[in-house]
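Q: Could you walk me through this one, pockets and all? I would like to go from the overall picture down to single residues.

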Amino acid sequence: MIAGAWFLLRTWIIRQRLGTPLVPLLFVASGLFTAVSGAGAVALAAFAPDVGPATETAAALRELTGKAGFALGGLALIVAARYQWKVSATLRRIAPVTAIIGIALQLIWFDAIIMLHTVTGAAFLVWLVVIGTMLFTGRVERHFVALLASASPQH
């Protein structure tokens with residue numbers, strides 16, 4: 001997540017302020033929280049037989065950082081959806097899905113709907129692969145170039 005955010009920050013779309021740097025910054029924060037949660041899960045697994053107050057505290061912190069990571073990733077998607085909607089027909093079709101996944105990721109805070117977390121996590125991963133591929137191949141930038149060309153005055 002952090003590496004992807006770094007590459008996103010380096011795109012001319014962000015550098016030219018056609019998109020917001022808030023999205024990759026939220027992805028960095030999401031990645032940091034998720035990494036802390038993952039490290040906590042590894043530590044808990046290493047000390048699995050030892051149950052006590054320290055283990056319970058570590059488990060609670062792991063859960064909190066994991067949920068925060070998902071929520072921040074979802075917030076990044078909600079913000080990104082607004083910019084996708086403005087660009088082109090292809091990204092405009094993706095924007096509602098982006099927003100829905102982003103909103104669904106906010107539901108991570110509700111343990112009662114744990115099955116939804118599996119679906120939203122998988123949907124988020126698919127979204128990352130699709131958008132990452134579009135960015136890697138230059139497809140997103142072509143849409144922004146087309147937007148700029150259509151917005152510039154014709155002589």
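What follows is a short chat about the fold, the pockets and a few residues.

Q: What should I keep in mind about where the model comes from?
A: It is a predicted model, so local features are considered only where pLDDT is at least 70.

Q: How many helices and strands does the protein have?
A: There are 7 helices and 0 strands, and from the N terminus on the elements run α-α-α-α-α-α-α.

Q: And what does the C-alpha trace span along its principal axes?
A: The C-alpha trace spans about 75 × 30 × 20 Å along those axes. Of the 155 residues of the protein, 36% count as buried, and among the contacts with a separation of 6 or more, 66% are between residues 24 or more positions apart.

Q: On to pockets, then. How much space lies in the largest pocket?
A: The largest pocket holds about 660 Å³ of space, and its lining is made up of 25 residues, of which Leu8, Phe27, Ile131, Gly132 and Leu135 lie nearest the centre.

Q: Which helices supply the lining of the largest pocket?
A: At least two residues each come from α1 (2–9), α2 (12–15), α3 (22–46), α4 (53–87), α6 (114–137) and α7 (139–151), with the largest share, 6 residues, coming from α6.

Q: What is that lining like by class?
A: The lining of the largest pocket has 18 nonpolar, 6 polar and 1 charged residues.

Q: You put Leu8 among the residues nearest the centre. Is leucine 8 buried or exposed?
A: Leucine 8, which lies in helix α1, has a relative accessible area of 16% and counts as buried, because that value is under the 20% cut-off. Setting aside residues up to four places away in sequence, leucine 8 touches Ile14, Val23, Pro24, Phe27 and Leu135, and of these Phe27 and Leu135 are also listed as lying nearest the centre of the largest pocket. Its C-alpha is 10.0 Å from that of glycine 19, with the two residues 11 apart in sequence.

Q: What about leucine 9, and why is it called partly exposed?
A: Leucine 9 is in helix α1 as well, and it is called partly exposed because its relative accessible area is 27%, in between the 20% and 50% cut-offs. Leaving aside neighbours within four places in sequence, leucine 9 is in contact with Ile14, Arg15, Pro21, Pro24 and Leu25. Leucine 9 and alanine 58, on the other hand, are 49 residues apart in sequence and 33 Å apart in space, C-alpha to C-alpha.

Q: Back to α6, since it came up for the lining. Which of its residues are buried?
A: The buried residues of α6 are His117, Thr120, Phe124, Trp127, Ile131 and Met134. As background, an α-helix has 3.6 residues a turn, so residues three or four places apart point the same way.

Q: How far does α6 reach, and what comes just after it?
A: Its 24 residues reach 35 Å from the first C-alpha to the last, close to the 34 Å expected at 1.5 Å a residue. Just after α6, glycine 138 takes a positive phi of about 85°.

Q: Changing topic, what lines the second largest pocket?
A: The second largest pocket, with about 150 Å³ of space, is lined by Glu63, Gly66, Lys67, Phe70, Ile108, Asp111, Ile114 and His117. The elements giving two or more residues to that lining are α4 and α6, and α4 provides the largest share, 4 residues. By class, the lining divides into 3 nonpolar, 2 polar and 3 charged.

Q: Where is aspartate 111 found, and what is it in contact with?
A: Aspartate 111 is found in the loop between α5 and α6, and it is partly exposed, with a relative accessible area of 48%. Leaving aside neighbours within four places in sequence, aspartate 111 is in contact with Glu63, Lys67 and His117, and those three residues also appear in the lining of the second largest pocket.

Q: Last one: where does α5 bend?
A: α5 bends by about 25° at alanine 95, and proline 96 follows within four residues. The end C-alpha atoms of α5 (residues 89–105) are 25 Å apart, which agrees with the 24 Å that its 17 residues should span at 1.5 Å a residue. Buried residues in α5 include Thr90, Leu91, Ile94 and Ala95.

Terms used
Residues numbered from 1 in each chain as written. Predicted model: local features only at pLDDT ≥ 70, side-chain atom pairs only at ≥ 80, totals over all residues. Heavy atoms only, no water. 1 Å grid on protein atoms, 1.4 Å probe; cavity = no way out; pocket = protein on both sides within 12 Å on 5 of 7 lines; lining within 4 Å. Points joined across faces, edges and corners; volume = space filled by probe spheres on them. Nonpolar A, V, L, I, M, F, W, Y, C, P; charged D, E, K, R; others polar. Expected span 1.5 Å × (residues − 1). Buried < 20%, exposed > 50% of the residue type's maximum accessible area, 1.4 Å probe, protein only. Contact = heavy atoms within 4.5 Å. Bend = angle between axes of the 7 residues up to and from the residue.
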